[in-house]
Amino acid sequence: MSIQMRFDAEAEEPLEDGPVMAYSLMAMFNALTWIFLAALAAVTATRLWLSWRQMRHVRAHRGAVPETFAEAIPLSAHQKAADYTVAKARLGILSVLMGALLVLALTLGGGIQLVSDAWGAVFTTGSLAHGTALLISVFAIQFVVGLPLALYRTFVVEQDFGFNRMSFGLFLSDLAKQIAISLALGVPLLMAILWLMEKMGALWWVYAWVLLVAFLVVFMMIYPAFILPLFNKFPPVTEGELSSRVAALLAKCGFKYRGLFVMDGSKRSSHGNAFFAGFGAGKRIVLFDTLIQRLSIAEVEAVLAHELGHYKLHHIAKGIALSAAVSLAGFCILGQVFDQPWFFSGLGVSTPTMAAALILFLLVIPEFTFFLDPLMSRYSRKREFEADSYAVRFADSSDLEQALVKLYKDNAATLTPDPVHSAFYDSHPPAAVRIARLKTA
């Protein structure tokens with residue numbers, strides 16, 4: 001039974017005070033329209049203002065290296081980082097504007113309704129096939145709109161600053177693989193959620209949430225073994241000083257792992273990084289080849305000690321739990337509005353369906369949660385400080401400090417971010433604050 005059918009059935013029942021109820025309903029969805037427009041305008045304006053602040057602040061401090069880094073980072077590298085930050089901020093402004101216009105076009109502009117009507121000529125409106133086609137189509141529109149920005153980011157911004165090593169052929173190859181994986185995994189998930197919305201009654205959102213959490217956990221388990229190798233090579237490191245030093249560090253920390261691997265990240269970018277993937281004893285430690293090339297073994301060991309801190313302090317588990325809680329709240333809200341006429345009318349959809357409710361919610365909810373971002377960023381930065389504190393228990397603080405300074409320099413990370421912009425967006429502490437803490441560790 002589709003939402004439209006339920007609305008029709010409800011409309012057949014006699015209602016008292018019909019004109020009064022009609023007026024109240026009109027007021028509700030008009031209110032939603034204006035609330036949504038106000039939220040979209042406020043968030044868009046704030047994002048633009050934050051970008052402007054970031055560019056102004058970084059430019060104002062471009063002429064001199066902060067005293068903390070004066071001996072380690074030359075002025076030319078500092079200025080490159082400033083210019084790189086400004087270039088990314090300019091692209092970000094365009095992304096914000098395009099994103100806001102796209103949300104408006106899909107909602108109040110009638111885009112979702114137009115796509116729904118088009119698929120209604122092929123499938124029964126409100127059916128599982130119709131809903132799946134609608135969701136895939138809207139995601140495809142978002143993808144196509146964002147593709148030019150992704151190309152510009154990779155082949156202009158990253159290229160101009162010497163970071164991009166990806167050929168256009170590799171870009172297309174990655175793109176094809178990403179689309180194939182998204183379809184193979186995402187379509188069954190979407191169909192299952194739509195089926196639960198249709199069949200599981202008033203508490204469908206609880207079942208959908210359980211399904212989503214289970215899907216994400218399984219995805220995290222299979223990602224390192226089955227998906228990452230589709231994009232990169234991961235030769236194991238089994239001999240040499242690096243292997244023995246890492247093994248000794250992990251033994252001291254009581255950390256079980258499956259192996260140490262090097263990822264050929266240099267075929268796409270000169271940026272360096274390290275990460276852990278997987279769960280339990282199957283966890284894999286992955287180092288970018290660019291990281292090994294730039295850091296000494298002691299510095300690599302210090303970086304790994306920091307990453308170990310995230311695991312030993314249960315940051316990963318806490319992050320998963322927090323994400324699960326947030327998604328549960330989101331599903332709960334959607335469960336209350338997904339069959340309300342004012343929800344659809346207020347957002348530009350005249351033919352209510354399960355899929356339309358889902359896509360509307362995914363499109364508009366970021367506009368209502370954006371101002372919570374500083375809380376999430378603050379929580380993330382707190383965990384980074386905790387991981388640093390853990391790291392210096394098993395590695396020399398000076399090695400971690402030197403590793404971070406090299407990474408700031410090589411990745412062209414600005415040393416002088418705007419404080420307000422940083423509060424909203426930065427998951428890691430500002431460089432100067434982080435290094436200052438390490439010096440007192």
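# Notebook: patches, pockets and cavities

**Entry 1, the surface patch.** I started on the outside and found that F143, V144, I179 and L183 make a nonpolar surface patch of about 340 Å². Two elements give two or more residues each to this patch, namely α5 (128-160) and α6 (168-199). A reminder to myself before going on: this is a predicted model.

**Entry 2, two residues of the patch.** I picked V144 and looked up where it sits, which turned out to be helix α5. Is V144 buried or exposed? With a relative accessible area of 53%, V144 is exposed, because the cut-off for that word is over 50%. Next I turned to I179, and I found this residue in helix α6. The relative accessible area of I179 is 38%. I wrote "partly exposed" beside I179, because 38% falls between the cut-offs of 20% and 50%.

I also checked a pair of residues here. How far apart are I179 and A140 in space, C-alpha to C-alpha? I noted 9.8 Å for I179 and A140, with their positions 39 residues apart in sequence.

**Entry 3, a residue in a strand.** Then I went to F288, which is part of strand β3, residues 284-288. Its relative accessible area came out at 15%. F288 therefore goes down as buried, since that word means under 20%. For a partner I looked at S266, which is 22 residues from F288 in sequence. In space, the C-alpha atoms of F288 and S266 are 7.6 Å apart.

**Entry 4, the second largest pocket.** Now for the empty space. I looked up the second largest pocket and wrote down about 930 Å³ for its space. Its lining has 31 residues, and those nearest the centre are S323, V326, S327, G330 and I365. Which elements give two or more residues to this lining? My list for the second largest pocket reads α6, α7 (204-227), α11 (315-337), α13 (354-369) and α14 (373-394). The largest share of that lining comes from α11, with ten residues. I sorted the lining of this pocket by class too, and got 25 nonpolar, four polar and two charged residues.

**Entry 5, the cavities.** How many cavities of 30 Å³ or more are there in the whole structure? The search gave me two.

I took the largest cavity to begin with, and it holds about 40 Å³ of space. Around it I found P224, L228, F234, F261, R284 and V286. By class, I counted five nonpolar residues and one charged residue in the lining of the largest cavity, and no polar ones.

The second largest cavity has about 30 Å³ of space. I listed its lining as I73, A77, H78, A81, Y408, K409, A412, A413 and L415. Two elements give two or more residues to this lining, and I noted them as α3 (75-106) and α15 (397-410). Helix α3 gives the largest share here, three residues. In classes, the lining of the second largest cavity splits into seven nonpolar, one polar and one charged.

**Entry 6, looking back.** Helix α6 turned up twice in my notes: α6 gives two or more residues to the nonpolar patch, and α6 is also on the list for the lining of the second largest pocket. For the three residues I checked one by one, my labels are exposed for V144, partly exposed for I179 and buried for F288.

How values were computed: Residues are numbered from 1 along each chain as its sequence is written. This is a predicted model: local features need pLDDT of at least 70, side-chain atom pairs count only at pLDDT 80 or more; totals for chains, interfaces and linings use all residues. Side-chain values use heavy atoms; hydrogens and water are left out. On a 1 Å grid over the protein atoms alone, a cavity is a set of points where a 1.4 Å probe fits but cannot get out, and a pocket is an open set with protein on both sides within 12 Å along at least five of seven lines; lining residues have an atom within 4 Å of a point. Grid points are joined across faces, edges and corners, and a volume is the space filled by probe spheres set on the points. Ala, Val, Leu, Ile, Met, Phe, Trp, Tyr, Cys and Pro count as nonpolar, Asp, Glu, Lys and Arg as charged, and the others, Gly among them, as polar. Helices (H or I, at least four residues) and strands (E, at least two) are DSSP runs, numbered from the N terminus. Patches are made of residues with over 30% relative accessible area and no salt bridge: like charges are joined within 9 Å, nonpolar side chains (Val, Leu, Ile, Met, Phe, Trp, Tyr) within 5 Å. Accessible areas come from the Shrake-Rupley method with a 1.4 Å probe; for residues, only the protein chains shown count as cover. A salt bridge is a side-chain nitrogen of Lys or Arg within 4 Å of a carboxyl oxygen of Asp or Glu. Buried means under 20% relative accessible area, exposed over 50%, partly exposed in between (1.4 Å probe, protein chains only).
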